[in-house]
Amino acid sequence: MSCHKSYITTPIYYVNDVAHIGHAYTTIIADTLARYARLIGQETFFLTGTDEHGQKIEESAKKRGKDTKAYADEISATFRNLWDEFDISYDKFIRTTDTDHIKGVQKAFSVMHERGDIYKDKYKGHYCISCETFFPETQLVDGEFCPDCGKSTSIVEEESYFFKLSSYEDKLLAWYRDNPECILPKSKRNEVIRFVEGGLNDLSITRTSFDWGVKLPKEFNDPKHVMYVWLDALMNYVTALGYGTDEVNMEFWPARVHLIGKDILRFHAIYWPAFLMSLGLPLPKHIGAHGWWTRNGEKMSKSKGNVVNPKEVADAYGLENFRYFMLREVPFGGDGDFSQKALIDRINSDLGNDLGNLLNRLIGMSGKYFKGKVESDLVEIYYKEELKEVEESLSKLEPYLFELQLHRYLEELWRPLTVANRAIDKYQPWTMIKEGKKDETMALNGLIATILAKVSLMLHAVMPKTTTTIANALGFEINPENFNKIIREGEVLPPFTIEKREPLFPRIEEELLVEKKPEVKVEPKKEKKKEVENIALIGIDDFFKTLLKIGTVVDAKEVKKSKKLLLLQVDIGEEKPRQVVAGIKEWYSAEDILNTQVCVVANLKPAKLMGMVSEGMLLASKDKNGLCLIRPERPKVNGTPIS
Ligand code: MSP
């Protein structure tokens, strides 16, 4: 899979959260690919940035009492600063609030519309007010009546523009079929195929329930609508190259690879190629979906309070050691649990023992026997077998990298180090020199230097500074020209003199970061006051501190071991449903509550109930007759605020 131009992207990160190691992981993989592509002489464009529109961001800002754009500026800058501190070699940092991006998205909307792929319609659903449930038309009795209670249903509507996603089903399936590597790892491609084969509905691509988004192009004369965040966000991959404005960098399109996490695969593998087909643009070569970084088996997220801060890890253990660890530890596509122990093992063993120590051995032996001089011209004569083994490993590397099998890449790259360490033990230079075998001993040092040089070049994209230090010690520079000479053409290193230096990877004996225990707040005991009496009056501002929203229960399960709890997924108009653990089982079964609308307290601190995280609370009222949920009198769009 050879390309002359390499366009590599990360997802654009939401500005409602600070970066954690999950974000750092995607960015580090992308940075590694970009650095490697540059080193082999390809013209490379590496894009990252921030995703700043949508209700979620608007609300995050509101919660903090901040102006939305000012808030987005602030968080976007924290991402950019972190990537700068991490020496991420991005060529452009895009923000979806950039004027050019907005123009590009509007242009795309017009083009899709001209192609006949966008139409205006209404969200339609048959709703039984009595049962508070939507029913598909096929389930209605006589096309009108509720299959449960027999009462007449009514149709609920909201205006929206739709993208004709359904008409791209066959074309998408053909793309997956004809390009077996379009989604990596390949197992993920099958999941996507199965999903698309299940049928695609047209996609609602505008919203009227909030404001913070890209407006429709003027000619639509429809100011109520803003664009769906995913249409806006996905377009960043081409607007960053100038799509819709100054198309200076469009020659980099199509992307060589979009790196993403597995949770956003559907958006990238279904919506995005369909949008591109509609725009008449070529499709990306690969979409690479990695797994989750977890903490004690749980997905990391701010709401769970188990987030690992990448800056703290890098400061404590070294940025490049951290990069190596992330790429080496987990097979791409799989989940990985972050632990300091695993990180320390990698540093002490792979980096310290195998790599750092090899350089030390070379320094020691050449210092002792040859005053630091190393010559490599006789390596081929004395150590042909070893060289062959090294070349075999090296020839496998590049495909592993571009197939995103980074752990394999690094695993295979360590074989030459094993060859070198083994050769020292086998040939015993201390004996050879005593026996007067000077040439053989010098050639052995040459072999080690050659291996270290090749490994440095191939490891450069992962550990740029460390490998530069090694190359300096070996008297050469890491650049595309030397990559070509030493890796591609197998040239030997010119003679050099090596000097004593500090070890590259000092041994780490104990964990360097203090584990944060979740804060347990001890609330002062309050006297239980009689109801009604002593009600403290609050201002309207206090009331608005509680964010209340209408939502629909899209999944409901009984919590087996509990008499009281139901485990609910409630769609409150966000990207993903909220998980709510509700103590209502005595009054509602899972079946009762499924597909009904409820009122949700949406800004409560998440809490754990029987080991399950609850991200909200339902409004309810209880008297001597039992508990009933508070619900909207008429169906409302999910996410509608309650005031
Ligand atoms: N804004 C969207 C992406 C739009 S791209 C056109 C988004 N942003 S995000 O900030 O929520 O997530 C960004 C990336 O971080 C995603 O690829 C996501 O998979 C990844 N991760 C978030 N948490 C993660 C872990 N705990 N582990 C690994 N990656 C995870 O989605």
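Into which domains is the chain divided?

**Figure 1. The domains of the chain in this predicted model.** Welcome to the overview: domain 1 covers 5–290, domain 2 covers 340–497 and domain 3 covers 540–629. If you look from domain 2 to domain 3, their C-alpha centres lie 60 Å apart.

**Figure 2. An open sheet of 5 strands.** Follow the strands in the order β20-β19-β18-β21-β24, with antiparallel pairing. At the edges sit β20 (578–582) and β24 (617–618), each of which pairs on one side only.

**Figure 3. The pairing of β18 with β21.** Here we zoom in on strand β18, residues 548–558, and strand β21, residues 597–601. The two run in the antiparallel sense and are joined over 5 bridges. For a residue to start from, try Lys549, whose bridge partner in β21 is Val600.

**Figure 4. The cavity found in the whole structure.** A search with a cut-off of 30 Å³ or more turns up 1 cavity, and the volume of the largest cavity is about 40 Å³. Its lining is made up of Arg35, Phe86, Asp87, Leu319, Glu320, Arg323, Pro464 and Lys465. Two or more of these lining residues come from each of α11 (319–329) and α19 (464–473).

**Figure 5. The lining of the largest cavity, by element and class.** Which helix gives the most to this lining? That is α11, with 3 residues. Sorted by class, the lining holds 5 charged and 3 nonpolar residues, and no polar ones. Among the lining residues to pick out in this view are Arg35, Asp87 and Phe86.

Methods:
Residues are numbered from 1 along each chain as its sequence is written. This is a predicted model: local features need pLDDT of at least 70, side-chain atom pairs count only at pLDDT 80 or more; totals for chains, interfaces and linings use all residues. Side-chain values use heavy atoms; hydrogens and water are left out. Domain bounds come from an automatic or database domain assignment. Two strands pair if DSSP finds at least two bridges between them. Helices (H or I, at least four residues) and strands (E, at least two) are DSSP runs, numbered from the N terminus. On a 1 Å grid over the protein atoms alone, a cavity is a set of points where a 1.4 Å probe fits but cannot get out, and a pocket is an open set with protein on both sides within 12 Å along at least five of seven lines; lining residues have an atom within 4 Å of a point. Grid points are joined across faces, edges and corners, and a volume is the space filled by probe spheres set on the points. Ala, Val, Leu, Ile, Met, Phe, Trp, Tyr, Cys and Pro count as nonpolar, Asp, Glu, Lys and Arg as charged, and the others, Gly among them, as polar.
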